[in-house]
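These are my notes from going through the model residue by residue. I wrote down contacts, ring pairs, backbone angles and burial as I came to them.

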Amino acid sequence: VPYPQDVCIHQLIEAQVERTPDAVALVFGGQQLTYAQMNRRANQLAHYLQTAGVGPDVLVGVCMERSLEMVIALLGIHKAGGAYVPLDPTYPKERLGFVIADAAAPVVLTQAHLAANLPATAARILCLDRDWPTLSRYADDNPRSAVQAHNRAYVIYTSGSTGQPKGAINAHRGVVNRLLWMQDMYRLQPDDTVLQKTPFSFDVSVWEFFWPLLCGARMVIAKPEGHKDPSYLSA
């Protein structure tokens, strides 16, 4: 089946922002962001990341619990041209330290209450909640980058059960193919809601994060650890 081979994930989302800027994009607890608000925040983060050296195929660590900031982090990294590396905050410090070093991540995005749990690293640490006043001074227009569809979108590390963990790379082109196939097959509508509940260290989470945002649907983000409580998810 023919599909676009020259477009990146964030570019599809930016096109949706233009179509439905005032629609609600993200819901987390009692908070919500419209498409325009989400896009502006991701743009400010992206401009910051570019000043920190993030561009095509540069990996950025993300050590966060589910939140509005997590989605902004993933989208902002893509907009800067980079690729994200999930760092589950429940993982042992030794594993987190290995992945950050192996990925040569120049920046790790986290939250203030998790920062103390990070291992010592040469990477720049940025808390998206605590440090937002700094980010808010950056431009909020869509940034330009040299990223192309063949560049990395994310790198998820294996369990390491057969040795040291290894980073498995996925490019924008493959993810775009998957997302557009899903939309052709299942047809999300703007009045649909998608629950984001898969931990972002598993690649099933990828379609939960990006599929609703490229077709104008609403993403409801489950609370941290909420994926372990079926009655909560059902409600």
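I started with the surroundings of C215. Leaving out residues up to four places away in sequence, I found that C215 touches Q16, Q183, L188 and P190. The model is a predicted one, and I read every contact here with that in mind. I placed C215 in the loop between α8 and β10 (218–221). Its relative accessibility is 11%, so I entered C215 as buried, the cut-off being under 20%. I also looked up the spacing to D192: the C-alpha atoms of C215 and D192 are 9.8 Å apart, with the two positions 23 residues apart along the chain.

**Helix α1**

Q16 led me to α1, where I listed the buried residues as I9, H10, L12, I13, E14, Q16 and V17. I then asked which elements the buried residues of α1 pack against. They pack against α2, α3 (68–80), β7, α7 and α8 (204–210).

I took α7 from that list for a closer look. The axes of α1 (residues 9–19) and α7 (residues 172–186) come within 9 Å and cross at roughly 45°. I therefore noted α1 and α7 as oblique to each other. On the α1 side I found I9, H10 and L12 in the contact, and on the α7 side H172, V175, V176 and L180. Sorted by class, the contact of α1 with α7 holds five nonpolar residues, two polar ones and no charged ones.

**Aromatic rings**

How many aromatic pairs does the count give? I got six aromatic pairs, with ring centres within 6.5 Å as the rule. For Y84 and Y154, the ring centres are 5.6 Å apart and the planes lie at 25°, so I logged the pair as stacked. This pair links distant parts of the chain, since Y84 is in strand β4 (residues 83–86) and Y154 is in strand β7 (residues 152–157), 70 residues apart. I checked burial as well, and both Y84 and Y154 are buried.

I went on to F209 and F210. Their ring centres are 6.2 Å apart and their planes are at 50°, so this pair went down as tilted. F209 and F210 are both buried. I also noted one aromatic cluster, formed by W181, Y186, W207 and W211.

**Charges over rings**

I found the charged end of R95 over the ring of Y91, at 4.7 Å from the ring centre. I found the charged end of K223 over the ring of Y232, at 4.5 Å from the ring centre.

**Positive phi**

I looked up two residues with positive phi that are not glycine, D57 and R187. D57 has a phi of about 70°. I located D57 in the loop between α2 (35–51) and β3 (59–63). Is D57 buried or partly exposed? With a relative accessible area of 32%, D57 is partly exposed.

For R187, phi is near 55°. R187 is in the loop between α7 and β9 (193–196). Its relative accessibility is 48%, and I entered R187 as partly exposed, given that exposed starts over 50%.

Technical notes. Residues are numbered from 1 along each chain as its sequence is written. This is a predicted model: local features need pLDDT of at least 70, side-chain atom pairs count only at pLDDT 80 or more; totals for chains, interfaces and linings use all residues. Side-chain values use heavy atoms; hydrogens and water are left out. Axes are lines fitted to C-alpha atoms, for helices over the stretch in contact, and angles run from 0 to 180 degrees between N-to-C directions. Helices (H or I, at least four residues) and strands (E, at least two) are DSSP runs, numbered from the N terminus. Angles under 35 degrees count as roughly parallel, over 145 as roughly antiparallel, 65 to 115 as roughly perpendicular and the rest as oblique. Contact means heavy atoms within 4.5 Å. Ala, Val, Leu, Ile, Met, Phe, Trp, Tyr, Cys and Pro count as nonpolar, Asp, Glu, Lys and Arg as charged, and the others, Gly among them, as polar. Rings of Phe, Tyr and Trp (its six-membered ring) pair if their centres lie within 6.5 Å; planes under 30 degrees apart count as stacked, over 60 as edge-to-face and the rest as tilted. Buried means under 20% relative accessible area, exposed over 50%, partly exposed in between (1.4 Å probe, protein chains only). A charge sits over a ring if NZ of Lys or CZ of Arg is within 6 Å of the ring centre and within 35 degrees of the ring normal.
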